[in-house]
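Visitor: Please show me the sequence and the structure. I would then like to ask some questions about charge pairs and nonpolar cores.

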Amino acid sequence: MSQPNKLGLVLSGGGAKGAYQAGVVRYLAEQGIQPAAIAGASIGSLNGSVVASSDNIVEAAKTLTKVWNEVSDNSPLKMDGLAFLSLIIRIGLAGFGGPAGRAAAMNAKHLEHVLPDKYHKYIGDPVFFDNSPSVDILNRYAKLEERDSGLPFWVSVYESDGAIKDLMAFIKSGLNIKDSKSSSFVRINSLPEDEKRKALLASSAIPLAYEAQRIDGKKYYDGGLGGASEAQGNTPITPLIEHEKCSHIIVTHLQDGSFWDRNKFPDSTILEIRPRGIARNGLLDMLTFEKDVIIKWMEQGYQDAKESIEPVADGLAAFRMSNKSQAELVKTASNMADSLQWLKK
Amino acid sequence: MISENTDLERLVEDFPHVEEKAIVNFINGFEVISDHLREKRKVIEKGYTARFVDGLTGSTAKRQERIDSGIEGSLSFLKDYVVANEKRLARNESFLNDVMEGVSLISGRLQGVSEDVGEIRISLDQLAETVATMEEMVSQRLNYHDLYNSAMAEKDLALSIFSKEGGVFSPEQSLWMLLTRLKYGDFGSWIESGEGNAKHMQTADAVMKKLKNDCLDIMSNLTGRSPNALIDRASLYATLSSDDQLLKDALCLVSDQESNLLDPVIFAVNSDMPPQSDNDMPFVFSNISIYDELSRIFEVGGRHVATQ
């Protein structure tokens, strides 16, 4: 049974398009719409960490705008040269190192058992980008050191079967051949600082682009990979309904024409903010951190939120007014009927 | 009762968010449909290959299913809304009929009330007149009682003065002054105020009788004569017309009471000239006859014996 009038906010994943959510949150702040619980996937989990740790939605909007302005000035995409070099060496060993080289390349990942975590990205699945810019943002704005504070905050993560397999499962899902397995959800608030960081980085770790995060001995990647055909992991509404008992939920999508279906959640009142055309260059949008594009997406988020929420608010106000008016009419009629009875006597 | 509690209304009452969810789904549902339509249009614009791939992967059918289910939901909402609205309109019409019936009933009642109000207004006017009359009567009564009290106080005071022995006036002079004072004071006003009123006449008669008895008693005490003992008129006049200056001043004072009838007497007393005597002089008096003669002043048109 959901709690009456408890509002949740879902922030979907979409890479650089996450700037759109800064605009959405700014509109919510302007309207004084304060969520009581947050859930995010991928870039939505990074945005969500800021919103959940802020004192209120107004502060969240200011901080998010600041973060995305910083991101637009300094792209967070930073090539990890060492990891890339390691990949090239392993390919070279496999191709030109003879049987011994091939064996070394194939078994390099067994060194994970003896090497510290921070070196795993050089011997495990290939990684192209350094996640230190994301870590830096989280350290500065997500208040990771505060435990059990802020709004209830959930992120989706995808248990890895290996980067390549995970990507293949995602592609199969997109082609409607076979849906990828479901993502799981982690409640961030109660975790220690390091585990919070890991969970948030896992939630936004696109396979091959960023390294997977190991939590409780398992590797996790971007939560947006799970249940991809209908965005189960990328639109993590489930924990807000099942665990936080939200009666009302605002869902922010970052993909045009998302197949996510609100009819699967009949017990909650759901308002979707769907971008009115956010795609520019397909999958490359996720890695486009150009300043002018970021600013446009932020502004579009604000406008789309306004155009989605205003008609619903107006409609609800009109229906409430109509119901109130009818109730008063019925009451008057009842009084009139009683008066008539009295007059007839 | 006009209110009709249907199953749907009860459901909405128990679960208010159901209605709210339906409204949000209806309005926000158009956003979702528009989003899918935009995406579909984009695929169509991309060309044959894109359409083929979308068809092959089943995305086209899936998107169309989303659009159709969205439209179905919207139409279902509209159907429910139209039906609910029609019921509401019917209820409102019934309510208006009841109102019209009530208005005509009230109109009839108001006409009756209007007539009642007219009658009440007439009654109130009559009541106001009665109250005014009663007020006047009460006022008259109060005035009469005030006058009566003053008259009695005046009488008692005059009698107490009259009864004093060793005064400068003769008893006859004192009686004459007492009666004159009473005639032209509040006592005389009180006697005349109830003219024609039987009760007043009865009271006045009793008061006058008592006054007579009191005066005769005092006279007898002062003169030492019994009420029936006789004296002649000349002796009586001599006592009346003494040279006493005080008496003269007193008579002048009495003259200021606008008593024209006394003027000749006063003139006679002041000039030491006895009034013209009738042929029947000397006339014989007693205390009773003196009182009777002097008290004729109280009769309408009555005068003192000295002025006759």
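**Salt bridges and cores**

Guide: B:Arg66 counts as buried, with a relative accessibility of 9%; buried means under 20% relative accessible area, exposed over 50% and partly exposed in between (1.4 Å probe, protein chains only). This is a predicted model, in which local features need pLDDT of at least 70 and side-chain atom pairs count only at pLDDT 80 or more, while totals for chains, interfaces and linings use all residues. Residues are numbered from 1 along each chain as its sequence is written, chains are lettered from A and ligands numbered from 1 in the order in which they are written, and side-chain values use heavy atoms, with hydrogens and water left out.

Visitor: Which residue meets B:Arg66 in a salt bridge?

Guide: A salt bridge is a side-chain nitrogen of Lys or Arg within 4 Å of a carboxyl oxygen of Asp or Glu. The partner is partly exposed, with a relative accessible area of 41%. At 3.0 Å, N to O, the side chain that meets B:Arg66 is that of B:Glu65.

Visitor: How many residues apart in sequence are the parts that A:Glu299 and A:Arg26 tie together?

Guide: The two side chains form a salt bridge at 3.3 Å, N to O. A:Glu299 lies in helix H11 (residues 291-344) of chain A and A:Arg26 in helix H1 (residues 19-31) of chain A, so the pair joins parts whose separation in sequence is 273 residues. Helices here are DSSP runs (H or I, at least four residues), numbered from the N terminus.

Visitor: Is B:Asp35 buried or exposed?

Guide: The side chain of B:Asp35 forms a salt bridge with that of B:Arg38 (3.5 Å, N to O). Both lie in helix H2 (residues 16-46) of chain B, 3 residues apart, about one turn of the helix. B:Arg38 is partly exposed at 26% relative accessibility. B:Asp35, at 1%, is buried.

Visitor: Which residues are linked with B:Asp35 and B:Arg38 in a network of salt bridges?

Guide: Side chains of opposite charge can pair when their charged atoms come close. The structure holds 31 salt bridges over all chains. In this network, B:Asp35 and B:Arg38 are linked with A:Arg262, A:Glu272 and A:Arg274.

Visitor: Which element gives the most to the largest nonpolar core?

Guide: A nonpolar core is a set of buried Ala, Val, Leu, Ile, Met, Phe, Trp, Tyr and Cys residues joined through side-chain atoms within 4.5 Å. Of the 64 residues in the largest one, A:Leu28, A:Ile38, A:Trp68 and A:Ile273 touch the most other members. With 9 residues, the element that gives the most to this core is H11(A).

How values were computed:
Helix = DSSP H or I, 4+ residues; strand = E, 2+ residues; numbered from the N terminus.
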